[in-house]
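Colleague: Hi! I'm new to this one and would love a friendly tour. Can you put it up on the screen?

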Amino acid sequence: MLDMNDAELPRNTDILPDGSFVKITMQIRRGGLDGDGEADRGVLKGAKSPGSDVRMLDCEFTITDGPLARRKFWQTFTVMGGKLDEHGVSIGWKISKGMFRAMIDSALGLDPQDMSDAARGKRVLRGLSDLHGITFAAKLRVEPASDARYSETNKIDRVLLASDPEYTKVMAGESVPAAPTPRPPRATTNAPAAAAPAWGSQPAPSPAAAPEQAPAWAAPAQPAPAAQPAPPPAAGPAFAGGGPAWLNG
């Protein structure tokens, strides 16, 4: 006999309202690739694009309080690779690092301008894995998919800090009306390709004409032998439950 009365009801997977103010907890989903340092062994995820050097933190966010409690959304943050700035630093990492710092300030109620030794010490992590389990306040947005075959998704629009008027209520678990941010529509990538103009067609070569021999320097290079796949990284240690104690106050 199976008693289904205590089974968890199916969760609502609809998109969260644009401009929602929420208190959320972040969980890191391991991707199997190593980050910098022992604390981040097996933590990162690789990009899907072939040949990309981008490494990301794959995160799941769960709303902790209010009418949207237990609803989830997912977001990745670039922490290595991709486009570089004039100093050779990953632009994606600079953006993500600023977001992570804001998460810490929000979780602990720190003033972003507070650069005292005590505040600075709370912003130093053993690794990105220390962010596993952090709880903070944020405003969400609805982001259209770049490919119309996929549905729109929720992302963090901005992290709420102690100076934001909604911060105290959100962190206390109170409901705050959504405030959507107007955004221009984004172009999608599934538009049909334009037909080539007639004048762009190349005439077929005459059957009587012998093909010209390409010069030696134009010959395609011989393909390099396929590289042997690297062995999978060793599994890293399990996350400490809830991250470091100081991170969540």
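Modeller: Happy to. One term before we start: a salt bridge here is a side-chain nitrogen of Lys or Arg within 4 Å of a carboxyl oxygen of Asp or Glu. Also, please keep in mind that this is a predicted model.

Colleague: Thanks. Which side chain does Arg41 meet in a salt bridge?

Modeller: Arg41 pairs with Glu38, with 3.3 Å from N to O. Arg41 is partly exposed at 24% relative accessibility, while Glu38 is exposed, with a relative accessible area of 54%.

Colleague: How many salt bridges does the count come to?

Modeller: The count is 12 salt bridges. One of them joins Asp58 and Arg29, whose closest N and O atoms are 3.3 Å apart. Asp58 sits in strand 3 and Arg29 in strand 1, so this pair ties together parts that are 29 residues apart in sequence.

Colleague: Are those two buried or exposed?

Modeller: Asp58 is buried, at 7% relative accessible area. Arg29 is partly exposed, at 36%.

Colleague: Got another pair for me?

Modeller: Sure. Arg149 and Asp147 form a salt bridge with their side chains, at 2.7 Å from N to O. Arg149 is exposed, with a relative accessible area of 64%, whereas Asp147 is buried, with 13%. Elsewhere, salt bridges with shared partners link Arg29, Lys45 and Asp58 into one network.

Colleague: Let's zoom out. How many helices and strands does the chain have?

Modeller: Three helices and six strands. Following the sequence, the pattern reads β-β-β-β-α-α-β-β-α.

Colleague: And what share of the residues is buried?

Modeller: Of the 249 residues in the chain, 31% are buried. The chain exposes about 16,400 Å², and carbon and sulfur atoms supply 57% of that area.

Colleague: What about contacts between parts far apart in sequence?

Modeller: Take the contacts in the chain with a separation of 6 or more: residues 24 or more positions apart account for 62% of them.

Colleague: Is there a strand worth a closer look?

Modeller: Try strand 5, residues 135-143. Nine of its nine residues are buried, so strand 5 is largely enclosed by the rest of the structure.

Colleague: Which residues lie on each side of strand 5?

Modeller: Thr135, Ala137, Lys139, Arg141 and Glu143 are on one side, with Phe136, Ala138, Leu140 and Val142 on the other. Both faces are covered.

Colleague: Which strands does strand 5 pair with?

Modeller: Strand 1 pairs with strand 5 in the antiparallel sense, over five bridges. Strand 6, residues 153-159, also runs antiparallel to strand 5, and six bridges join the two. As an example from that second pairing, the bridge partner of Arg141 in strand 6 is Lys155.

Colleague: And an example on the strand 1 side?

Modeller: Ile24, which is found in strand 1, stands opposite Phe136 in strand 5. Ile24 and Phe136 are 112 residues apart in sequence, yet their C-alpha atoms are 5.7 Å apart in space.

Colleague: Is Ile24 buried or exposed?

Modeller: Ile24 is buried, with a relative accessible area of 0%. Leaving aside neighbours within four places in sequence, its contacts include Phe61, Ile63, Phe73, Ile134, Phe136 and Ile156.

Colleague: Switching topic: are there any charged residues tucked away without a partner?

Modeller: Asp40 is buried and has no salt bridge. The nearest side chain of opposite charge is Arg30, 7.4 Å away.

Colleague: Where is Asp40, and what does it touch?

Modeller: Asp40 is in the loop between strand 1 (21-29) and strand 2 (45-46). Not counting residues up to four places away in sequence, Asp40 touches Leu33, Asp34, Gly35, Gly127, Leu128 and Ser129. A polar atom of the Asp40 side chain lies 2.9 Å from the backbone nitrogen of Ser129.

Colleague: Last one: anything unusual in the backbone?

Modeller: A bit of background first: most residues other than glycine have a negative phi. Arg70 is not a glycine, and it has a positive phi of about 80°.

Colleague: Where is Arg70?

Modeller: Arg70 is in the loop between strand 3 (55-63) and strand 4 (72-80). Its relative accessibility is 49%, so Arg70 counts as partly exposed.

Technical notes. Residues numbered from 1 in each chain as written. Predicted model: local features only at pLDDT ≥ 70, side-chain atom pairs only at ≥ 80, totals over all residues. Heavy atoms only, no water. Helix = DSSP H or I, 4+ residues; strand = E, 2+ residues; numbered from the N terminus. Buried < 20%, exposed > 50% of the residue type's maximum accessible area, 1.4 Å probe, protein only. Contact = heavy atoms within 4.5 Å. Areas by Shrake-Rupley, 256 points an atom, 1.4 Å probe, with all protein chains shown as cover. Lys, Arg positive; Asp, Glu negative; His and termini not counted. Polar contact = N/O pair within 3.5 Å; in protein donor to acceptor, adjacent residues only side chain to side chain. Pairing = 2+ DSSP bridges.
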